[in-house]
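Trainee: Could you take me through one helix of this model in close detail, and then set that helix against the other parts of the chain that deserve a careful reading?

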Amino acid sequence: MNPTKPHQQHQQRQQRQQALAPLSHRSSQVEPWDMLIIGGGITGAGIAREAARRGLAVLLIEQKDFAWGTSSRSSKMVHGGLRYIASGDYKTTLLSVRERERMLSEASGLVNEMHYVMPHYKGKFPPPWIFNTLLRVYDRLAGKRYFTYFKREAFLSLNPHIKQDKFLGASQFSDAVTDDSRLVMRVLDEAINDGAQAINYLKAESLITNEQGLVVGATLKDTSSEDNAHTNAQSYDVYAKVVVSATGAWADTLRMQASKRTEQNFHKQIRPSRGSHLVISQERLPLKQAYTFLHPVDKRAVFVFPWENRTVLGTTDLDHPPLDDSEVGITNEEVDYLLTATNELFSDADLNREDVISTWAGVRPLISDGGDGKRVSPSKEKRDHSVWLDNNLVTVSGGKLTTFRLIALDVLEKCQEVLALDKSVIQNQTINGDHVFSDTTPSNPKFSTLPKALQQRLQGFYGLQLDTLLELAHDEDMAYVTDSNTIWAEIRFAARHEQVIHLDDLLLRRTRLGLILPHGAMTPLISTRLKQICQQELGWDEQKWQQEVARYQDLWQRYYHLPAA
């Protein structure tokens, strides 16, 4: 193993200082940023992308890691919202379907079409004729024909493992699947390419207001190390012409500060809802398409789908306690709930806790319709987004992964009430032909030697950065990490170029190895190679490596594995 070179010892600290350098350039009211975005999930990244491409000076900050919250823990689905048709909300479905088709076209390899199947059983809802009518409308909105109906014998011949008693047939339709965390990084890369600055582990401690009580900036604290997270943190007063809070399920906190109300007289809008998932091997439940069906107990829609050479079971939808800065994990009740549903449909599977490779749980920011005493179940709350303006703080929350671009445009429109924007720049058709992602063709000769599937994946995941990744890669880096779809070059690239601060940034978000490999990917063979890359690219010495391993394993065991029985 290559020892850490002396000049590499402070490499990560130097990278951090370089990332923070722009703060000192625009840290006064004399030359404020045009826009300060608080929140580094898909919503914040989308706003940064749309603002930067319009020439605004944009700074995005995230108190943890990019995509740390909901945007790395979603159900990975880019979908049109079939449930909206059933409730008569055609507009929402139409917009969502168009955005899905846009991403399928512009980000192939990152957003990929996936077939879904709804099995139908005699006496069970929904009957085929109702569901198939919805699917025909769904296809009409997309402008494509995806829907197919399979009769009993034809479907069972290809899918013999599902429950056959009273089985009538199955409806097949299409939506899309993605790696949500990589989607955030791809959108951020696009924003940075257009001039935005993005910094992780930088927390907005408080808002800065002027004499009129209007928000004009924020005090930021560096939380990149354990020491910084407590008392020794470097602080920065950063001013901006408009401050945007894109903090998702945490949105009420800054809104309450901006409104200058106490917790007792502030009406909270966000209803945190937890959605949890299980990951199992494809050997235990081999699937080539997704299945969606109603849970036998509460009749909620659940699903089982292939992802990253594994099979995912999801999702729950439960009210979550008030949020702090801690991780979120699955409960034993949710584990049983998901296993029960899957074993009901796949009657021969007999899945149990020992089959679970990993888990993840995320908190959705639902916009609540009613007071605590009048609430519907979380599953029946609308998934719409809302935008508020409180004393010059623009807050956005809610919405769907699929419509992040449209949410960003709504935020820019609201920003017009604070920031002098020409109305024409809000019209999406005037910017880059309406594209979200740049169309790039790698020039590095290594690219043409790769398998077609890997070419498509890397181009979708890394876009503008792909040539940099290929140039950085050693020959041995082009190999896959065991049976995953990830190659070692991705780990090396992320460590050097994607603001990796902790080991979980690398294994849970830049790559998903911690979710799909046993023991969170910390097996001897993988950890040896991983250690070498972290030493070479991050300058971690033996002590730092051991600290990060201990931190990661504790975090993974508590929040990404099974809870204690």
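Mentor: In this predicted model, helix α16 is largely enclosed by the rest of the structure, because twelve of its 15 residues are buried. The buried set consists of I526, S527, R529, L530, K531, Q532, I533, C534, Q535, Q536, E537 and L538, a list in which R529, K531 and E537 stand beside I526, L530 and I533. The length of α16, which covers residues 524-538, can be checked as well: at 1.5 Å a residue its 15 residues should span 21 Å, and its end C-alpha atoms lie 20 Å apart, which agrees. Directly after α16 comes G539, with a positive phi near 70 degrees.

Burial is also the mark of strand β1, residues 33-38, where six of the six residues are buried. On one side of the pairing, β1 is joined to strand β10, residues 235-245, in the parallel sense over five bridges, and within that pairing I37 has V244 in β10 as its bridge partner. Strand β2, residues 58-61, also runs parallel to β1, joined to it by four bridges, with L36 standing opposite L59 of β2. Between β1 and β2 the chain passes through helix α2, residues 42-52, and this β-α-β crossover is right-handed.

The same strand leads into the nonpolar interior, since I37 belongs, with M35 and I47, to the residues that have the most contacts inside the largest nonpolar core, a set of 59 residues. Leaving aside residues up to four places away in sequence, I37 touches G44, I47, A48, V58, L59, L60, I61, V244 and A246. Apart from this core lies another, of 54 residues, among them F131, L134, L513 and A521.

Several points in the backbone also call for attention, beginning with the cis peptide bonds. One of them joins F125 and P126, with omega about -5 degrees, and P126 lies in the loop between β4 (111-121) and α5 (128-142). Another joins G314 and T315, where omega is about -15 degrees; T315 is found in the loop between β14 (310-314) and β15 (318-319).

Positive phi values form a further topic. Y201, although not a glycine, has a positive phi of about 50 degrees, and its place is in the loop between β7 (197-199) and β8 (202-209). With a relative accessible area of 5%, Y201 is buried. Q499, likewise a residue other than glycine, has a positive phi near 55 degrees and lies in the loop between α13 and α14 (503-510). At 24% relative accessibility Q499 counts as partly exposed, because buried would require a value under 20%.

A loop position that ends the survey is A479, found between α12 (466-472) and α13 (488-497). A479 is partly exposed, with a relative accessible area of 37%, and, residues up to four places away in sequence not counted, it touches T486, I487 and W488. By contrast with those contacts, E113 is 366 residues from A479 in sequence and 26 Å from it in space, C-alpha to C-alpha.

Conventions: Residues numbered from 1 in each chain as written. Predicted model: local features only at pLDDT ≥ 70, side-chain atom pairs only at ≥ 80, totals over all residues. Heavy atoms only, no water. Helix = DSSP H or I, 4+ residues; strand = E, 2+ residues; numbered from the N terminus. Buried < 20%, exposed > 50% of the residue type's maximum accessible area, 1.4 Å probe, protein only. Contact = heavy atoms within 4.5 Å. Pairing = 2+ DSSP bridges. Right-handed = clockwise from strand over helix to strand, strands pointing away. Core = buried A, V, L, I, M, F, W, Y, C linked by side-chain atoms within 4.5 Å. Expected span 1.5 Å × (residues − 1).
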